[in-house]
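Visitor: Could you take me through one part of this model up close? I'd like to start with a single loop and then see what lies around it.

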Amino acid sequence: MAYDKFNILTSTAVPLPIENVDTDQIIPARFLKATERVGFGDNLFRDWRYNQDNTLKEDFVLNQDKFSGKILVGGKNFGSGSSREHAAWAVYDYGFRCVVSSFFADIFRGNCLNIGVLPVQVSAAFLQKIFDAIENDPSTQLEINLPEQKITLLPTGESESFDINDYKKNNMLNGFDDIDYLLNIKKDIETFAENTPL
Amino acid sequence: MSATKTLFDKVWDSHVVHKIQDGPDVLFIDRHMVHEVTSPVAFLGIKNRNIPVMHPEKTFATADHNTPTINQHLPVADPLSANQLKMLEENANEYGISYWGLGHAKNGIVHVVGPEYGITQPGATIVCGDSHTSTHGAFGAIAFGIGTSEVEMVLATQCIMQPKPKRMRININGKMSKGVTPKDVALFIISQLTTSGATGYFVEYAGEIFRDMSMEGRMTVCNLSIEMGARGGMIAPDEKTFEYIKGREFTPKGADWDKAMAYWETLYTDEDAIFDKELTFDGSLIEPMITYGTNPGMGMGISNDIPMANAVQGGASTYQKSLKYMDFNEGESMMGKPIDFVFLGSCTNGRIEDFRAFASIVKGKKKADNVTAWLVPGSHKVETAIKEEGILDILTEAGFELREPGCSACLAMNDDKIPAGKLAVSTSNRNFEGRQGPGSRTLLASPLVAAAAAVTGKVTDPRELMEEMVAG
């Protein structure tokens, strides 16, 4: 599915300084009954955002007006748990284009890259700097520069580089997806399939 | 001299169609399992692109996540769930994919039925839009969970694009002590590695303790690989493996079997092969385990006390938030805590061996009055075996009822939800906040620990009841 190209993103960020944020928190299973990819942002962090009577939990970050932006900053091991791509869809649909953490769970990271959310892994020290900066001033802007693979805390200019392989970087910059690539090598795949033992 | 290779390398490398410079490998997929929850958007994707399913004979569909576990003969009441099930059936029919829907004799949890019917085979690459696909690694397959975009890739091209994970080997020698099951071995490993300790790796389990396990036990271990962050886990196939798969519906027959065996017999780690990380534990020291927190890494021997925040890896605030959710305190014992629910089932512990273990404890006893127990077989085949082996009689006598197959309260997508605040001893795989229903609190444990809790109404060391059995 097509997604918006990603180049340089400058935005404020929403801090979630909790470790091991799992996919059941990002989108609980009871909201996985849809058969189309629409509206998942409404239930992003559902049980942290809402009480059981559907009133808002005022102290949760997404419910605090002072925090906003297209970047979500999470604690270590963000996205652990299930393979549900709905978690990445919910993040995207809510309006985030980038998730920053000091460590990501594998499947969540891959899902993000496949749908146009950029996972940016930083050092634990830099992550703490970001949390501190936002806590001091929620209007703190971050710059995510994909071509240069660099994340910068704009008020101080402190920055760190991040990893992404060339193939995925090119996809993100151009809004390409893997199926386009695979369909282009379909002949090779057919030949390979004829020679598999199982 | 040819280079030495790990089991994982042998299977992975033989499935690489194409390598991309500074990018992922294009990996050919031998078997693809789909279920109702993570497939609809993928089918919609190929429909919108107007492309066919490249190899419909390599994809298998079953309904499990979002199905009721009582009255399966009646129409599904929830309209959203009914629609999702209908979509799977329509998509399977439209693209010529085998479909074992609700009510079908072969229906069950995707990771239970795959091995039961021989779809799961050594040396295969197996994917499914479900993180517990790692289960199939018990047969020496490379099996792992994928996202819906990747489900679409497999439908369209029978390939996905994956960076090759690093290799880890976990060696455990020694015998399992009394009251210890494969579930305890897995929870022990996760408690040592933490919930992210194997992220980026594909794990091979090696050593006496895994060799001694039944195929069901190996499936339980490999199933939980994802809970320490691993992409998957696998165990080299042996005589036990070949004996298990022989003669099953989708297993090769005759000359094809011989051909397959020639390949399968090459599936072991060469003696000098190098792993990126290697860990060794003494299996005889593992106790029956129980979790006390909100991720599967927060587990301990059942007779231990909950660790102090300053004694654990990771941030103290996250740890305390977790204990607060559970309503537990640092340093306290879990033993004797009153419980409300017991859940026996899931792709982790919903197989016949798990029901045998549960029955061995509850036999001749009664379910505690304060406990609601949901016993959910992993498939109709398991359900049939429970009846044929006389286990159902033991369960009924003890005051338990058997439900119909499905994922059930493991993820609580259907009506099987643990109510807010209630404490459940669960044989499933995740104790995340609200995983088994909004506000529910989960203690992960083995079928033996679940059974001990079910008859005593509280957290109980199953070894105490096993002593009674010997004495009695």
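Guide: Let's start in the loop that runs between β2 and α1 (23-26) of chain A, where you'll find A:Asn20. Bear in mind that this is a predicted model. The phi of A:Asn20 is near 55°, so to speak on the positive side, and the residue is something other than glycine. In general, most residues other than glycine have a negative phi. Chain B has a case of this kind too: B:Ala412 is not a glycine, yet its phi is positive at about 55°. That residue sits in the loop between α15 (391-397) and β17 (423-426) of chain B.

Now step back from A:Asn20 to the strand that comes before its loop, β2 of chain A. It belongs to an open sheet of four strands, ordered β2-β3-β4-β5 in chain A, with parallel pairing. In chain A, β2 (13-16) and β5 (118-121) are the edge strands; each has a single partner, so one side of each has no neighbour in the sheet. On average, neighbouring strands here are turned by 20° against each other, direction ignored. Helix α5 (residues 124-136) of chain A packs on this sheet and touches β2, β3 and β4 (98-101) of chain A. The direction of α5 makes about 115° with that of β3(A). As for the partner of β2(A), that's β3 (residues 71-74) of chain A, and the two pair in the parallel sense over four bridges. Within that pairing, A:Ala13 stands opposite A:Ile71 of β3(A).

Over in chain B, have a look at a helix pair. The axes of α2 (residues 40-49) and α3 (residues 79-95) of chain B come within 10 Å and cross at roughly 40°. That angle makes α2(B) oblique to α3(B), and the crossing is left-handed. On the α2(B) side, the contact is made by B:Pro40, B:Phe43, B:Ile46 and B:Lys47. They meet B:Gln84, B:Met87, B:Asn91, B:Glu94 and B:Tyr95 in α3(B). Sorted by type, the residues of this contact are five nonpolar, two polar and two charged.

Finally, there's the place where the chains meet. Chain A puts 56 residues into the contact and chain B puts in 73 residues. Between chain A and chain B, about 5200 Å² is buried, with carbon and sulfur atoms giving 62% of that area. On the chain A side, keep an eye on A:Lys33, A:Thr35 and A:Leu198: they supply 16% of the area that chain A buries against chain B, more than any other three residues.

Technical notes. Residues numbered from 1 in each chain as written. Chains lettered and ligands numbered in written order. Predicted model: local features only at pLDDT ≥ 70, side-chain atom pairs only at ≥ 80, totals over all residues. Heavy atoms only, no water. Pairing = 2+ DSSP bridges. Axes fitted to C-alpha atoms, helices over the stretch in contact; angles between N-to-C directions. Contact = heavy atoms within 4.5 Å. Parallel < 35°, antiparallel > 145°, perpendicular 65-115°, else oblique. Left-handed = near helix turned anticlockwise from the far one by under 90°. Nonpolar A, V, L, I, M, F, W, Y, C, P; charged D, E, K, R; others polar. Buried area = accessible area lost by both parts, 1.4 Å probe.
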